[in-house]
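Me: I'd like to walk through a protein model with you, one question at a time. Could you keep the definitions handy as we go?

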Amino acid sequence: LDQLDLLAKEGSHRQRTQSKAMASKAAATLLRRGGGKHFLTRHWAAKTKSSPAASFAPSLSSFVPNPAGTGAKSYLGSSRLMSSDVTNGRFMAYSMLYHDSVAFLVSNQLGIPVFMASEPKTPADVAKEFNLSVRAASALLVTLCRMDVVQVVKDSDDSVDDIVYGLTPSAQTFLSNRKDLACVSPFVDTFTTNFITPEALLECSLPADEKKDIMSEHLEQDDETVANNARHFMAHMNAQSYCCAKALPKALGLDSVNEPKTLLDVGGGSAIYSIEAIQSNPNMNGIVFELPAIKPITEEYIEKAGLSDRVSVSPGDFFNDPLPAADYVLFSNIFHDWPDSINANLIQKAYDCLNPGGKIVISEILLADDVKSSTPAATSMNVIMLPYTKGRQYRPKELFRRLQKVGFTKPQVINLVDDYDLVVGTKA
């Protein structure tokens, strides 16, 4: 289990997936042979305190009691339960987690993290500020506490309504200041205004020829409208891409390139990836390939970063125009927007424009090759694509096949950050 844990934390994408499945099987075997429950409880409790085993602990949680000794079980772990332990709890949990998302979205919309940024607050403080009942404010804060948005500063033995909460360090960084580039709230706002209700999900699940996705509708608008929508969309994408862009230079090795190289960011919007890549290494230069109507907005971001001499904007339509020459071609959150035929064409265009030895880089939240091991972020994003685009999330092996078909070699998956991975292929 220790060795599986190390692979789950530090291994390749395939090793991480396989190690989690093997850990679950090992736990099941121990329990069937008897005497394994207490060992697993101690093992999981010890590991989750220091966090190395956190990557596979959820798969064990279906087999062992809560380490805190409450006897509660996680219903979101492995489906391989002992026959005597089979309950309907996991399905009940899936239904109710919907409300956790709603609570988070509402809290962000109200501005609760911003309100709590300066000093700790009680449910009564939050209720007064936002015209809520104390009961409702307390329920929101309890949920935010479980989500690591707030933390308990002063507990109360008498009532949960009397607990004093403060923002966690991560919430201070990513939720407390909407003017900060790191703030994720613009991304969260999108799901508040376009929340997928069950009715909306059914409506957007009609056959493709009977509906039009939001992305296609936006591209069919006039240039002025496209530009106006682009400013809002760039704020959304900046919030989504902030940590990914920060991690890209090291993950891809751009920070250690020792000769002049060019990164082409296709549909790069605010140029956040190009800016981070170029700032990491004086040998790097960047090109952002964007629609002519969006070019001036992209240039504003580049000028603000003081990189106009090293990052240029090449106007064009990636559906119809060839791509400029480069050493790296980046498609970040592009492939999940479009059907497979368009993505195949983009892969061919990338191959054609790359210098020998150049690399195609596809940044996405990937489904697992076996589907079953997919993360909640991946399966959720796959559903989110239904109303917004004509695309979906891919599995690594699917992208590998598509890259190899046009001549790319050495396909590999590199973890970028959190649930985001890079699928990389090399032009011979």
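Me: How many helices and strands does the secondary structure of the protein come to?
Reply: Happy to help! This is a predicted model, where local features need pLDDT of at least 70, side-chain atom pairs count only at pLDDT 80 or more, and totals for chains, interfaces and linings use all residues. Residues are numbered from 1 along each chain as its sequence is written, and side-chain values use heavy atoms, leaving out hydrogens and water. Helices (H or I, at least four residues) and strands (E, at least two) are DSSP runs numbered from the N terminus, and the protein has 18 helices and 9 strands.

Me: What percentage of the residues in the protein is buried?
Reply: Buried means under 20% relative accessible area, exposed over 50%, and partly exposed in between, with a 1.4 Å probe and protein chains only. Of the 428 residues in the protein, the buried share is 45%.

Me: What is the strand order in the open sheet of 7 strands?
Reply: Two strands pair if DSSP finds at least two bridges between them. Pairing in this open sheet is mixed. The order is β5-β4-β3-β6-β7-β9-β8.

Me: Which strands stand at the edges, and why is one side of each left without a neighbour in the sheet?
Reply: An edge strand here has a single partner strand, so one side lacks a neighbour in the sheet. The two in question span 311–315 and 408–417, and they are β5 and β8.

Me: Which residue stands opposite valine 413?
Reply: β8 pairs with strand β9 (residues 420–427) in the antiparallel sense over 7 bridges. Opposite valine 413, in β9, stands valine 423.

Me: At what angle to β4 does helix α14 run?
Reply: Helix α14 (residues 272–280) lies across β3, β4, β5, β6 and β7. Axes are lines fitted to C-alpha atoms, for helices over the stretch in contact, and angles run from 0 to 180 degrees between N-to-C directions. With β4, the angle is about 175°.

Me: Is glutamate 276 buried or exposed?
Reply: Glutamate 276 is found in helix α14. Contact means heavy atoms within 4.5 Å, and glutamate 276 touches Ala245, Lys246 and Pro249, not counting residues up to four places away in sequence. Its relative accessible area is 14%, so glutamate 276 is buried.

Me: Is leucine 97 buried or partly exposed?
Reply: Leucine 97 lies in helix α5 (residues 89–110). Because its relative accessibility is 34%, leucine 97 counts as partly exposed.
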